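Visitor: I am new to this structure and should like to understand how its features are named. May I see it before we begin?

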Amino acid sequence: MAFGNIPTVLTAEEIINKAFKGSSKITINDREHFYWVRNTAMARVQAVSQTIDAVLLKYVSAFPSFDNLHPFYYELAELLIGVNPIKKSLGGLDWCRKQVAAIASKHLSQMRKTRNEDTIERLRESAYGRIASVVKQLAPDLEFLNKVRNEIKKIPTVDTVAPTIVVAGFPNVGKSSLVKLISSATPEIAPYPFTTKGIHVGYFEHKWVRYQVIDTPGILDRPLEKMNEVERQAVMALKNLANLIIFIIDPTGHCGYTLEDQERLLETVKGLFQVPLIVVENKMDLSKTDSDRPKISTASGAGVDAIVKEALAILHKNMPKMEAIREGF
Ligand SMILES: Nc1nc2c(ncn2[C@@H]2O[C@H](COP(=O)(O)OP(=O)(O)OP(=O)(O)O)[C@@H](O)[C@H]2O)c(=O)[nH]1
Ligand SMILES: [Mg+2]
């Protein structure tokens with residue numbers, strides 16, 4: 001998985017309670033009462049600081065290092081959440097780890113110097129209080145990172161190496177229906193636009209090569225800055241993953257959009273993405289145009305095999321190295 005398995009991010013309060021509760025169980029016995037008191041207090045402060053450090057470090061390391069992320073994931077994270085706020089909050093966690101370590105070390109060294117039991121207890125309390133207050137300052141960051149974690153979980157894992165077909169077009173034209181027919185993906189299909197709200201990934205195998213097929217949300221022909229978050233995810237997939245685009249047109253009017261609008265989007269897509277493109281007219285069981293474009297019906301399956309064949313031929317032609325490897329088997 002691109003984002004690994006990010007654990008639930010605890011709240012500041014939960015982290016503090018966890019650390020304090022764990023430390024309260026520690027006692028370091030000594031025959032001499034003073035040492036018993038001092039060593040116990042010191043061990044507790046140390047334990048509190050170590051627990052907090054371990055918890056925060058776990059979060060920092062569980063989040064991906066955004067600078068090494070594949071552009072598809074990076075841009076999707078940027079679109080859905082915003083990379084800078086995530087980096088800022090993770091930076092906050094690191095800041096807190098340093099503060100906690102410094103507070104602990106300062107108090108421990110003072111505890112080491114005193115022979116007074118009351119002073120020891122006062123120092124322990126002061127360390128606890130300051131540590132708690134620093135962790136409490138993290139509350140908004142922790143809450144935000146937990147939300148990020150839940151958003152990140154929704155980002156699908158894609159194969160960034162497999163030859164990839166991205167299926168695109170206006171809403172409701174039959175993209176998901178095609179993806180479901182030709183790959184292992186099981187996207188939702190429904191008779192209204194914007195059924196697909198994110199990227200769905202499926203695979204099929206042909207002669208020992210695994211091909212990736214990506215279903216995208218429908219896009220309307222409008223400038224990128226006017227597109228909503230759902231449409232932009234389609235653009236991210238087209239831009240960062242496609243080796244070939246299958247552009248579906250529904251010329252029957254069944255989808256609720258005109259042929260002219262769809263043709264305009266096709267021109268936009270051609271201009272934006274420099275990858276081979278197959279234009280297919282779907283729903284030929286309802287009606288068909290007399291264009292010379294390939295025609296399919298995902299309802300009856302007519303014409304679909306021919307499209308897959310054409311897609312494979314184009315992918316092979318564009319990936320001579322892959323073909324050579326494949327032929328070598
Ligand atoms: N008659 C007919 N209906 C079709 C065909 N292909 C798809 N449909 C119907 O068209 C509607 C939309 O199909 P989807 O596959 O969900 O379309 P989509 O392009 O993925 O739609 P969004 O995800 O909303 O963008 C559904 O009611 C399908 O059953 C076809 O070849 N013939
Ligand atoms: Mg769909």
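Visitor: Which residues come nearest to ligand 1?

Guide: This is a predicted model. In it, 24 residues surround ligand 1, and those that come nearest are Lys 175, Ser 177, Thr 195, Thr 196 and Thr 298.

Visitor: What makes the pair formed by Lys 175 and ligand 1 a polar contact?

Guide: A polar contact requires N or O atoms within 3.5 Å. A polar side-chain atom of Lys 175 lies 2.7 Å from an oxygen atom of ligand 1, so the pair meets that cut-off. The side chain of Thr 196 likewise has an N or O atom 2.7 Å from an oxygen atom of the ligand, and for Ser 176 the distance from a polar side-chain atom to a ligand oxygen is 2.8 Å. On its own, ligand 1 has 650 Å² of accessible area, of which the protein covers 89%.

Visitor: What kinds of residues make up the shell around ligand 1?

Guide: The shell comprises ten nonpolar, eleven polar and three charged residues. The space that ligand 1 takes is the largest pocket.

Visitor: Why is Cys 96 called buried?

Guide: Buried means under 20% relative accessible area. Cys 96 has 0% relative accessibility and therefore counts as buried. Cys 255, at 4%, is buried because its value also falls under that limit.

Visitor: How many disulfides does the structure hold?

Guide: The number is zero. A disulfide would call for two cysteine sulfur atoms within 2.5 Å.

Conventions. Residues numbered from 1 in each chain as written. Chains lettered and ligands numbered in written order. Predicted model: local features only at pLDDT ≥ 70, side-chain atom pairs only at ≥ 80, totals over all residues. Heavy atoms only, no water. Buried < 20%, exposed > 50% of the residue type's maximum accessible area, 1.4 Å probe, protein only. Near = heavy atom within 4 Å. Polar contact = N/O pair within 3.5 Å; in protein donor to acceptor, adjacent residues only side chain to side chain. Areas by Shrake-Rupley, 256 points an atom, 1.4 Å probe, with all protein chains shown as cover. 1 Å grid on protein atoms, 1.4 Å probe; cavity = no way out; pocket = protein on both sides within 12 Å on 5 of 7 lines; lining within 4 Å. Sits in = over half its atoms within 2 Å of the grid points. Nonpolar A, V, L, I, M, F, W, Y, C, P; charged D, E, K, R; others polar.
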